[in-house]
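Please consider how the parts of this protein chain meet. The paragraphs below proceed from the division of the chain to the details of the interface.

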Amino acid sequence: MGGTTVARETPAGDLRLANLTKRFGIFTAVDDLTLTIPQGSFFALLGASGCGKTTTLRMIAGLEEPTSGQVLLGDRDIARLRPYKRPVNTVFQSYALFPHLDIFENVAFGLRRRGIRQVDDQVARMLSLVQLDGYGRRRPAQLSGGQQQRVALARALINHPQVLLLDEPLGALDLKLRRQMQIELKRIQTEVGITFVHVTHDQEEAMTMADTVAVMNAGRIEQLGAPADIYEFPATAFVANFLGQSNLLAAEAAGTAGGEVPVTAHGARYSVPADRARVDRGPAHLGVRPEKLHLVGSADQVPAGHQHLTGVVSDASYVGVSTQYLLRTSWGSELSVFAANSGTTQRFAVGAEAVAHWDPRHAFLLPREPGEDDRTSPVLDEPVGAPS
């Protein structure tokens with residue numbers, strides 16, 4: 001399609017942030033950030049409020065001036081260019097459509113501002129791309145939230161930016177519509193082939209759409225990688241409990257032996273494969289995701305090679321796709337267990353004794369500050385990516 005061809009032919013390059021820092025008085029919002037976002041990728045900056053992700057996006061857009069550092073697109077430093085001179089467009093959560101203009105004119109706005117008069121074909125292609133054929137003469141107020149978001153996307157893409165910035169773009173939508181738009185955004189990004197940088201606090205949103213996720217905390221990147229890699233092998237306790245939930249048991253690692261790292265946790269001995277250990281000696285967290293834990297009624301039901309501990313079920317919540325249990329251990333911590341409702345697993349009542357077991361290949365070992373206790377996630381919630 002014509003609009004796609006133009007976008008792909010636009011000269012671009014990797015987006016690189018080099019030692020990017022932003023301070024507001026004595027507060028450092030973004031702390032010496034160095035990052036490469038490959039051309040044509042769908043990249044997510046994921047983090048809680050106040051972590052620096054939106055400030056980073058605003059510096060890329062030119063809406064905030066860096067205290068120091070560079071914003072490079074290809075070999076060109078754009079950090080001091082005015083926003084309108086950057087080959088970058090932003091889609092905000094608020095859509096920011098012009099209510100007095102129809103959908104056609106909203107999409108055509110950027111072209112008309114540049115003095116382009118023949119806009120019909122380009123606008124038609126963009127409305128087709130976002131699946132809004134036939135909506136051109138409606139006003140924004142006549143569209144649903146999801147449709148308005150598509151208009152905002154078309155209005156940004158018609159300018160053929162080298163980078164499209166998405167600032168919590170789906171935050172105002174209801175859950176079902178948000179999930180539909182996640183799929184649509186990924187489809188559109190693949191079709192137009194330009195770099196998308198998506199800022200979000202929603203872990204599922206980041207994992208559903210992005211090729212690469214950067215988890216931010218206190219102005220720095222805690223971990224960067226493919227969503228599945230970060231989820232399956234987090235680098236820090238923060239990442240383990242921000243991207244999904246984790247059960248982190250305070251342990252002591254005894255050094256590598258025979259491809260494994262033996263650990264002691266609450267008087268019991270376990271082990272983790274050496275390639276699943278971020279630390280091999282001293283204070284550590286033994287981590288297991290809730291869906292990797294399995295409940296049985298007694299220790300003699302534990303499969304060979306699995307490790308286990310015993311506790312009492314303190315809560316059980318049926319959420320359709322799974323039953324989510326809290327298992328209180330003998331030392332007082334509660335572990336989260338997500339048991340798939342496949343019809344083949346045993347159900348446990350509150351107050352019942354149960355044994356949680358896991359394959360050590362699904363565990364991981366993380367650094368722990370001396371004296372730090374277990375860091376479990378007792379909040380009952382959906383596992384990442386689970387349907388409701």
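How far apart do the C-alpha centres of domain 1 and domain 2 lie? They are separated by 38 Å. The domain bounds, taken from an automatic or database domain assignment, place residues 15-228 in domain 1 and residues 233-376 in domain 2. The contact, defined by heavy atoms within 4.5 Å, involves 12 residues from domain 1 and 10 residues from domain 2.

This is a predicted model, in which local features need pLDDT of at least 70 and side-chain atom pairs count only at pLDDT 80 or more, while totals for chains, interfaces and linings use all residues. Residues are numbered from 1 along each chain as its sequence is written, and side-chain values use heavy atoms, with hydrogens and water left out.

The size of an interface is often given as the accessible area lost when the parts come together. Between domain 1 and domain 2, about 860 Å² is buried (accessible area, 1.4 Å probe, lost on being put together and summed over both parts), and carbon and sulfur atoms give 65% of that area. On the side of domain 1, the residues that lose the most area to domain 2 are Gln203, Glu222 and Gln223, which together account for 50% of what that side buries.

Polar contacts are pairs of N or O atoms within 3.5 Å; within protein, one must be able to donate a hydrogen and the other to accept it, and residues adjacent in sequence count only if both atoms are side-chain atoms. Four residue pairs, both residues at pLDDT 80 or more, make such contacts across the interface of domain 1 and domain 2.

Technical notes. Buried area = accessible area lost by both parts, 1.4 Å probe.
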